[in-house]
Amino acid sequence: MSSRLLSLSLSASRAAAVARQSTPATARTLATVSSVQDVAPRNHKVVIVGAGSAGLSISHQLLRTGKFRQDDIAIVDPAQWHHYQPGWTLVGGGLKHKDELKRPLPELIDPKLKLYNNAVETFAPHDNTVTLADGARLTYDQLVVVPGIKVDLAAIKGLQEAATNPDSNVSCIYTYETVDKVFPTIKRFKQGRAIFTQPTGVVKCAGAPQKIMWLALDHWKREGRYKPSASDSPITITFATGLPQMFGVAKYSKALEELRKERGVEGLFAHDLTEIDGNTAVFKSASGDVVRRTFDLMHVVPKMGAHAFVKNSPLANEAGFVDVDDHTLRHKKYANVWSAGDASSLPTSKTAAAITSQAPILVKNLVAALDGREPPAHYDGYTSCPLLTEYGKVMLAEFKYGGEPKETFGQYGFDQATPRRAFYHLKKDFFPWVYYKAMVKGMWGGPKGFLINTN
């Protein structure tokens, strides 16, 4: 295993050389930015809505094909900062500070790209037009819709108030504003009932709701405040999830269920948090019953869903996500519209790791479409979830459509359902490094390693 990690480190060095070769001589400074006053209609070969993990990966992979000139590709996003959101679990566990994981968005975008630092108002796919919030109209030959999803604290009654109240023992790793409250809340907790929740429906990284629970458990165990036997443990732990089991993939769910029982965590399955009423958590069970549980500490994962400008557009399916083919990532109705990542209808877990596989496929198929060819590349649903099970160990879940494991290190004889220290260093150290050094620059293909050429 150590030899594999060494190989990754050596690859990182080679990537730096590739980055120098692929970066324009003018240097990677700032993209061309359009201010809100610049409302004249503009035409682009490709308009990409969203500058998150998917938007940055796809835009730079397209640029690296060598088929696009200055401002042929436009990116639309109102954000000022880009965040490495998979790292927020590490922040919640006291392993990182949230500000080390963010970068100014314009600095991440190649100068050959046109950045509209604005929000989208409407899509008109029949007219190949995107209208921005300031009234500007962009026309396109190809459209990529990758704005991610909305994290909605207000969808659970009382959560917004509790999570933002510094005196409350309710916390949440899923927003930049609340993530730095999580670890101080865990540290000061001495005794009582701790509840960790996971909602029904779509969430970013479906493993994260329990990752923070396992880190909290390990912290309390090291402090002598948690014992597997609830009868003499100062702290008791409940995992309340809208799912009927620990995880959506059978192999890893079985291993996590064994961990849950071994560590004395109560499983409250098929229970969806609907309200926080003081120190009472209100759940709705699968049978429709209302279940009330008192708590002394609670970590809550909010409801999530499509952004309104996507959900209310002609591009959306009934659930509000961009309605694309599961394998080509092309829209089912509009042949020049594409999507990937959290905003898409792709039936796989919504993770940054999934984007590492989706982005090269979307790029190859979009370029083929520009050339008048049918999409040649097919996505198999690959995604990954590095599940922190304690400080120093990670269960590296990797799988594809149908919940079938697709493990990178299986060929070396490693069962990835077994938590390992080497996987922990991938999660804690390598992935955050490679994200900003290569992934957002269009040079990282996940299990395939560094992308030397995107042609």
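Two strands are taken to pair if DSSP finds at least two bridges between them. That criterion underlies the description of the sheets in this predicted model.

**Confidence**

The protein averages a pLDDT of 92, and 91% of the residues score at least 70. Residues 1-29 keep a pLDDT under 50, and the model has 39 contacts beyond four places in sequence for this stretch. Where pLDDT is low, the predicted coordinates should not be read in detail.

**Strands around β2 and β9**

Strand β2 (residues 42-49) runs parallel to β3 and is joined to it by 4 bridges. Within this pair, Val49 stands opposite Val76 of β3. Strand β3 itself (residues 73-76) is covered on both faces: Ile73 and Ile75 are buried on one side, and Ala74 and Val76 are buried on the other.

Strand β2 is also joined to β9 (residues 137-145), again in parallel, by 7 bridges. Here Ile48 faces Val144 in β9. Strand β9 has further pairings. With β20 (residues 337-339), strand β9 pairs in the parallel sense over 3 bridges, and Val145 stands opposite Ser339. With β8 (residues 129-132), the direction is antiparallel, and 3 bridges are found; Thr129 has Thr139 of β9 as its bridge partner. The hairpin of β8 and β9 has 4 residues between the strands, and Gly135 in this hairpin takes a positive phi near 95 degrees.

The pairings described in this report, including one from the sheet discussed next, are set out below.

| Strand pair | Direction | Bridges | Opposed residues |
|---|---|---|---|
| β2 and β3 | parallel | 4 bridges | Val49 and Val76 |
| β2 and β9 | parallel | 7 bridges | Ile48 and Val144 |
| β8 and β9 | antiparallel | 3 bridges | Thr129 and Thr139 |
| β9 and β20 | parallel | 3 bridges | Val145 and Ser339 |
| β16 and β17 | antiparallel | 5 bridges | Thr280 and Thr294 |

**The sheet of β15, β16 and β17**

An open sheet of 3 strands follows the order β15-β16-β17, with antiparallel pairing. Strands β15 (271-277) and β17 (290-294) stand at its edges; each has a single partner strand, so one side of each is left without a neighbour in the sheet. From one strand to the next, the twist averages 30 degrees. Strand β16 (residues 280-285) is joined to β17 by 5 bridges, and Thr280 stands opposite Thr294 in β17.

**Helix α9**

Helix α9 (residues 352-370) has 19 residues and reaches 26 Å from its first C-alpha to its last, close to the 27 Å expected at 1.5 Å a residue. The helix bends by about 30 degrees at Gln358, with a proline, Pro360, following within four residues. Helix α9 is mostly covered, with 14 of its 19 residues buried. After the helix comes Gly372, whose phi is positive, near 80 degrees.

**Positive phi outside glycine**

Two loop residues deserve separate mention. Asp71, in the loop between α2 (53-63) and β3, has a positive phi near 65 degrees although it is not a glycine. Its relative accessibility is 17%, and because buried means under 20%, Asp71 counts as buried. Leu329 lies in the loop between α8 (308-311) and β20. Leu329, likewise not a glycine, has a positive phi of about 70 degrees. At 0% relative accessibility, Leu329 also counts as buried.

Key. Residues are numbered from 1 along each chain as its sequence is written. This is a predicted model: local features need pLDDT of at least 70, side-chain atom pairs count only at pLDDT 80 or more; totals for chains, interfaces and linings use all residues. Side-chain values use heavy atoms; hydrogens and water are left out. Axes are lines fitted to C-alpha atoms, for helices over the stretch in contact, and angles run from 0 to 180 degrees between N-to-C directions. The expected span of a helix is 1.5 Å times one less than its number of residues. The bend at a residue is the angle between axes fitted to the seven residues ending there and the seven starting there. Buried means under 20% relative accessible area, exposed over 50%, partly exposed in between (1.4 Å probe, protein chains only). pLDDT is the predictor's confidence in each residue, from 0 to 100. Contact means heavy atoms within 4.5 Å.
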